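Trainee: I have just opened this model and would like to learn how to read it. Could you walk me through it, one feature at a time?

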Amino acid sequence: MGQGEPTVFVVDDDHSVLRSLQRLLRSAGWATEAYDSAEEFLRVRDPAASGCVILDLAMPGLDGLDVQERLIDEGMPLPIIFLTGRSDPPTIVRAMRAGAANFLTKPIDGEQLLASVAEAVQADLAFRRDNADLIDGRQRLATLTARERQVLDRVVAGRLNKQTADELGTALKTIKVHRARMMSKMNVKSLAQLARLVERMGVLPVH
Amino acid sequence: MVGVVAFAATLLPMSSVQPAQSPPSAAAARLPAIWEAEPWHVAASLSLALVVASLVTAFALERRNRRRADAELLGTEQLLRMAAAAGVGLWMHDLARNKRPWANDAHRAILGLGADEATDLPERLELVHPEDREAVASALGAAIEHGGEYAVRHRIVRRDGELRWVASHGRVTLDRRGKPATMWGVTADVTAPTRAELDAEVNRNELAHLSRVAMLGQLSGSIAHELNQPLTAILTNAQAALRFTSQPNVDLETLREILRDIVADDQRAGEVIWRLRALFERGEAKSEPIVASTLVRDVVRMLRSELISRNVSVTLELDPTLPPVQGDPVQLQQVLLNLIFNACEAMANSERWARCLVIRTTAARVAEVAISVVDGGPGVPPERVEKIFEPFVSSKPLGIGLGLVISRSIVAAHGGNLWCKNNAGRGATFTFTIPCAAASVAPAADRAGTAARVAVKES
């Protein structure tokens, strides 16, 4: 999962700009995916893909900052290179604080963009290497059913199986089955290992 | 005298018939004796008496008619004198008898003609300003062709080179065969009021231009962005092409695509500049057919990034079947820009979901198109719905309160209306109407044809 070639995602509502960016990236040998709206990008892209995003800040509907927020919420922050038409310091500050890789003003210099892309992709790969277990954990977490997730939250919170069964209004036997399935899906052998992983992932409990 | 003879002729038979129809009387009963004694004498006497009576009656009537005619003549003379004193020109042309046209001194004075100069049609058309000649010829031609009245206001260039505005109102009557019989009319020198009107128009155009330039200042960020997009694409495409060409096995098809895009983007940037220049230009208002939906699309395209940065979503409800309107494209763009700007301002504090702008074109009254701008703001307080069209009334902290005043005067100069109405739900709707282009109401070929026929008559 997510071990393929890094992809440069380009999101801009202007088709002509989108095409030109794709060509420039292709000339440097990058694999690219182009989207003309933020909504489309969030819906279609493979969340496990590595690489970076080139994102136009001002778009109708969801704008660049909205996309950045969503990616952070999803816990899979791809590095973002923002493109902007106008100099807007408060927005730039906000985007950089949220961890933007770079902020380029249109019309952009091709070489500068390519250098930023190379840097961002390197950073993403390094992040993925250093946090392989976390990324793996996240992906595993996403495969849990709602009930398994509830069980996980309660296990991590230190509840006994009996308490969990009472809270969720189900039989102890059923809870034991859910718990075993959850441990197996999360690929952990012990409660301590699960607790450590969850803590590092910073998962918020779901009620 | 002709009238008298005709009158007598109609009286005679009536008088001769009367005795036969009268019921028998006492006098008639005594008559047979004389009648039998001298029938010829009696007949002759009676006839003579009848003729004398008729003549006396006829003369009496003739005197009465003449007195009446004298009085009428006196009235006409007085009217003529008054017209001359008021500087109203009068003229008449008996086409049927081809007599020399008559005109009063005032008419000659208005046209700057001497006492013995001809005042009929070809000569008068020569005096008409070349730019107005076709319109005048066409109006005259239509009246001559079908009979009836015409009214034109046009410029003349007098022999002394002086330019004057003349209002001319004329009437043509046709004879039984449909040929023009007489033409007469009045003329007035309307140079002063027309100049005042034109000055007012110049002032309005000037003011409209100033407020347009002020509005462009607000728009500058948006315009810069609209230029930036194609420039970005051009630069990026060119840099990609440079990289491709330095690689082995140059992909010609990709290069061709790049060049095609560069050409298209350059044209796109050119259009932005062209539209901008049109808005910056000051000059006389034009009058040309404009398709309302094109007008709306152009303005929305111009405001695209402004709308995006304000998080305003736009819905266009355009009726493609509407006939074109007549007007100045730049001034109408200005009205629409102003209304959209106002709508955005009104929605600045609205929730993001409510920042919806609807621009709609519909058929208004006969031969009018309405353009509405519907916003999702708080609406206009009912007591201010009319007040907002007054000068120096602004709800914006930085507004000078002239936008709507100027918009309304532009729309009024186009013969339309601009008004505001609060929506049933939230927000307000500003609507303006513009009359349709004349060509879309009556076929243009008709008018051209009339003008051509007049030209033939003149030669």
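Mentor: Gladly! This is a predicted model, and we can begin with its nonpolar cores. The largest of them has 42 residues, and those with the most contacts inside it are A:Val11, A:Cys52 and A:Val117. Helix H1(A) gives the largest share of this core, five residues.

Trainee: Which residues is A:Val11 in contact with, leaving aside its neighbours within four places in sequence?

Mentor: There are A:Tyr35, A:Ala38, A:Phe41, A:Val53, A:Leu55, A:Asp56 and A:Val67. Apart from that core lies another, of 41 residues, with B:Ala292, B:Leu332, B:Val374 and B:Ala428 among them.

Trainee: Now to the place where the chains touch. How many residues of chain B are in contact with chain A?

Mentor: In general, the size of an interface is often given as the accessible area lost when the parts come together. Here we can count residues: 24 of chain B are in contact with 18 of chain A. On the chain B side, helices H8 (191–245), H9 (252–280) and H10 (292–309) each supply at least two residues. The largest share, 16 residues, comes from H8(B). By class, that side of chain B has nine nonpolar, 12 polar and three charged residues.

Trainee: Let me look at one of those helices. Which residues of H9(B) are buried?

Mentor: They are B:Ile258, B:Asp261, B:Ile262 and B:Asp265. These buried residues pack against helix H1 (15–27) of chain A together with H8 of chain B. As for its length, H9(B) has 29 residues and reaches 42 Å from its first C-alpha to its last, close to the 42 Å expected at 1.5 Å a residue.

Trainee: Which elements of chain B have the lowest and the highest mean pLDDT?

Mentor: The general idea comes before the case: where pLDDT is low, the predicted coordinates should not be read in detail. Among the elements of chain B, helix H14 (residues 444–458) has the lowest mean, 31, and strand E10 (residues 368–374) the highest, 95. Chain B as a whole averages 80, and 84% of the residues score at least 70.

Trainee: Where does pLDDT stay under 50 in chain B?

Mentor: One stretch is residues 1–29, for which the model has 14 contacts beyond four places in sequence. Another is residues 441–459, with 21 such contacts.

Trainee: And what ipTM and pTM does the predictor give the complex?

Mentor: The ipTM is 0.75 and the pTM is 0.58.

How values were computed
Residues numbered from 1 in each chain as written. Chains lettered and ligands numbered in written order. Predicted model: local features only at pLDDT ≥ 70, side-chain atom pairs only at ≥ 80, totals over all residues. Contact = placed C-beta atoms within 7 Å. Helix = DSSP H or I, 4+ residues; strand = E, 2+ residues; numbered from the N terminus. Nonpolar A, V, L, I, M, F, W, Y, C, P; charged D, E, K, R; others polar. Expected span 1.5 Å × (residues − 1). Buried ≥ 20, exposed ≤ 12 C-beta atoms within 10 Å, placed from the backbone. Core = buried A, V, L, I, M, F, W, Y, C linked by C-beta atoms within 7 Å. pLDDT = per-residue confidence, 0-100.
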